[in-house]
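Got your viewer open and a selection box ready? Here's a walk through one structure, stop by stop, with what to pick and what you'll find there.

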Amino acid sequence: MAYPKSSLVLALLSMFISLVIASPVTYNVVSLGAKGDGKTDSTQAFVSAWTKACASVSPAIIYVPAGRFYLGQVVFSGPCKNNAITVRIDGTLVAPADYRVLGNTGNWLLFKHVDGVTISGGILDGQGTGLWACKASGNRCPSGATTLEFSNSNNIAVHALTSLNSQMFHVVINACHNVKMQSVKVTAAGNSPNTDGIHVQLSSSVTILNSKIGTGDDCISIGPGTTNLWIEDVACGPGHGISIGSLGKDQQEAGVQNVTVKTATFTGTQNGVRIKSWGRPSNGFAKNILFQHAVMTNVQNPIVIDQNYCPGNKGCPGQASGVKISDVTYQDIHGTSATEVAVKFDCSSGNPCSRIRLEDVKLTYKNQVAQASCSHAAGTSTGFVQPTSCL
């Protein structure tokens, strides 16, 4: 059937309009005044690029070419007119070397209330060494800024990003849904304080894949309110391992559930796979956790549940943790422990751990059989389990 000419023109016109709308607009930060010399303050150019990209009805790209771009605090705030903004970074973003500039701001780069943001490539240099030195000296210091945070946001992707020497946490995912982080690299000194690699809290459907994390605190820390978290192909070390917790700091607290940590390596870390909670009352919980296919090399505490966490013994002495830990499976965990006790379940006297499962676990200490220690923990072991289960 032949179309009338006017209908054909309309159809072609609407196709053309939808193509125009769909093709992304690019905002190059250099065209907006940024300078990649490492010292000129380019904050305003980045703010301007974000303002334009966020106001665009069609998908937008913010492009950062090669070079070192000095930035103060930048807040990338939504909601935006489109839900497809890509920040493509070929260069390095550099934080102020003077830690006092960002030290009390909480964040260096913050994305909040955004939907459909992708960060691709690039290096974020937090220049945190000055603050670490201040903290090591025992002087009064600011707490420090998180390098990159996503807060109250959905449908986020981070790919091939490197974070160096953050003042505090490298990456924080707070109150977000559907986040995919892939091929992320985190690097900071093994003695750098509070420099967690990736911290997830109050978030659902977060995936962390194929990443290499070496830092001074947890490689990945999993806070209250985390559900449906998938971690796979992660290399951790130096650092404090992959930790669920600390949980139970607050009396009223959202629980953690449906967490999978699969195919991970831990090298010279303080912990391997850890769950920790404060030794005080709380309605928090951790359940449906799977640690699968992990290789430990010279790890101080390869498998650990610590429900008596109480830094400085302040605010909890003599109190049992209210956090309920249940349905935790350790499957195919192999390697070497740097201490004699390779498996330690130090659970709550008031809320014992339940349905802990060990399956195909082999951990040695100095080429000898390691030890296991259990307190208030119940569960089962199947297959070859060494050290012999104390459950």
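The stops below go from aromatic rings to a cavity, a pocket, some backbone oddities and a helix. Keep in mind throughout that this is a predicted model.

**Stop 1: the rings**

Start by showing the aromatic side chains; a search of the whole structure turns up eight aromatic pairs. Select Phe76 and Phe111: their ring centres are 4.4 Å apart and the planes sit at 15°, so this pair counts as stacked. Colour by strand and you'll see Phe76 in strand 5 (residues 74-77) and Phe111 in strand 8 (residues 107-112), so the pair ties together parts that are 35 residues apart in sequence. Phe76 is buried at 7% relative accessibility, and Phe111 is buried too, with a relative accessible area of 3%.

Now jump to Tyr330 and Phe345. Here the centres are 5.6 Å apart with the planes at 40°, so the pair is tilted. This one also links distant parts of the chain, with Tyr330 in strand 26 (residues 324-337) and Phe345 in strand 27 (residues 341-346), 15 residues apart. Both Tyr330 and Phe345 are buried.

Go back to Phe76 and Phe111 and add Trp50 and Phe150 to the selection: those four form one aromatic cluster.

**Stop 2: the cavity**

Stay with Phe76 and Phe111 and turn on a cavity display. Which residues lie nearest the centre of the largest cavity? They are Phe76, Val87, Ile89, Leu93 and Phe111, out of a lining of 13 residues. The space inside is about 110 Å³, and the structure has one cavity of 30 Å³ or more. Strand 3 (60-64), strand 6 (85-89) and strand 8 each put at least two residues into the lining. Colour that lining by class and you get 13 nonpolar residues, with no polar and no charged ones.

**Stop 3: the largest pocket**

Next, select Phe169, Gly245, Ser246, Lys276 and Tyr309, which lie nearest the centre of the largest pocket, itself lined by 21 residues. Its volume is about 450 Å³. How does the lining divide by class? It has four nonpolar, nine polar and eight charged residues.

For the walls, show strand 17 (198-201), strand 21 (242-247) and strand 23 (271-278), each of which supplies at least two lining residues. Strand 23 gives the most, with three.

**Stop 4: backbone oddities**

Some background first: most residues other than glycine have a negative phi, and most peptide bonds are trans.

Zoom in on Gly245 and Ser246 from the pocket, because you'll want to see their cis peptide bond, with omega about 10°. Ser246 is in strand 21. A cis peptide bond also joins Gly237 and Pro238, with omega about -5°; Pro238 sits in the loop between strand 20 (227-236) and strand 21.

Then pick Asn228, which has a positive phi of about 55° without being a glycine. Asn228 is in strand 20 and partly exposed at 40% relative accessibility. Asp233 is in strand 20 as well, with a positive phi near 55°, and it is partly exposed with a relative accessible area of 39%.

**Stop 5: helix 4**

Last, select helix 4 (residues 129-137) and highlight its buried residues, Leu131, Trp132 and Cys134. They cover an arc of only 160° around the axis, which puts them on the same side of the helix. Add helix 3 (99-102), which is part of what covers them. Following helix 4 is Gly138, with a positive phi near 85°.

Definitions and conventions
Residues are numbered from 1 along each chain as its sequence is written. This is a predicted model: local features need pLDDT of at least 70, side-chain atom pairs count only at pLDDT 80 or more; totals for chains, interfaces and linings use all residues. Side-chain values use heavy atoms; hydrogens and water are left out. Buried means under 20% relative accessible area, exposed over 50%, partly exposed in between (1.4 Å probe, protein chains only). Helices (H or I, at least four residues) and strands (E, at least two) are DSSP runs, numbered from the N terminus. The arc is that of the directions from the helix axis to the C-beta atoms. Contact means heavy atoms within 4.5 Å. On a 1 Å grid over the protein atoms alone, a cavity is a set of points where a 1.4 Å probe fits but cannot get out, and a pocket is an open set with protein on both sides within 12 Å along at least five of seven lines; lining residues have an atom within 4 Å of a point. Grid points are joined across faces, edges and corners, and a volume is the space filled by probe spheres set on the points. Ala, Val, Leu, Ile, Met, Phe, Trp, Tyr, Cys and Pro count as nonpolar, Asp, Glu, Lys and Arg as charged, and the others, Gly among them, as polar. Rings of Phe, Tyr and Trp (its six-membered ring) pair if their centres lie within 6.5 Å; planes under 30 degrees apart count as stacked, over 60 as edge-to-face and the rest as tilted.
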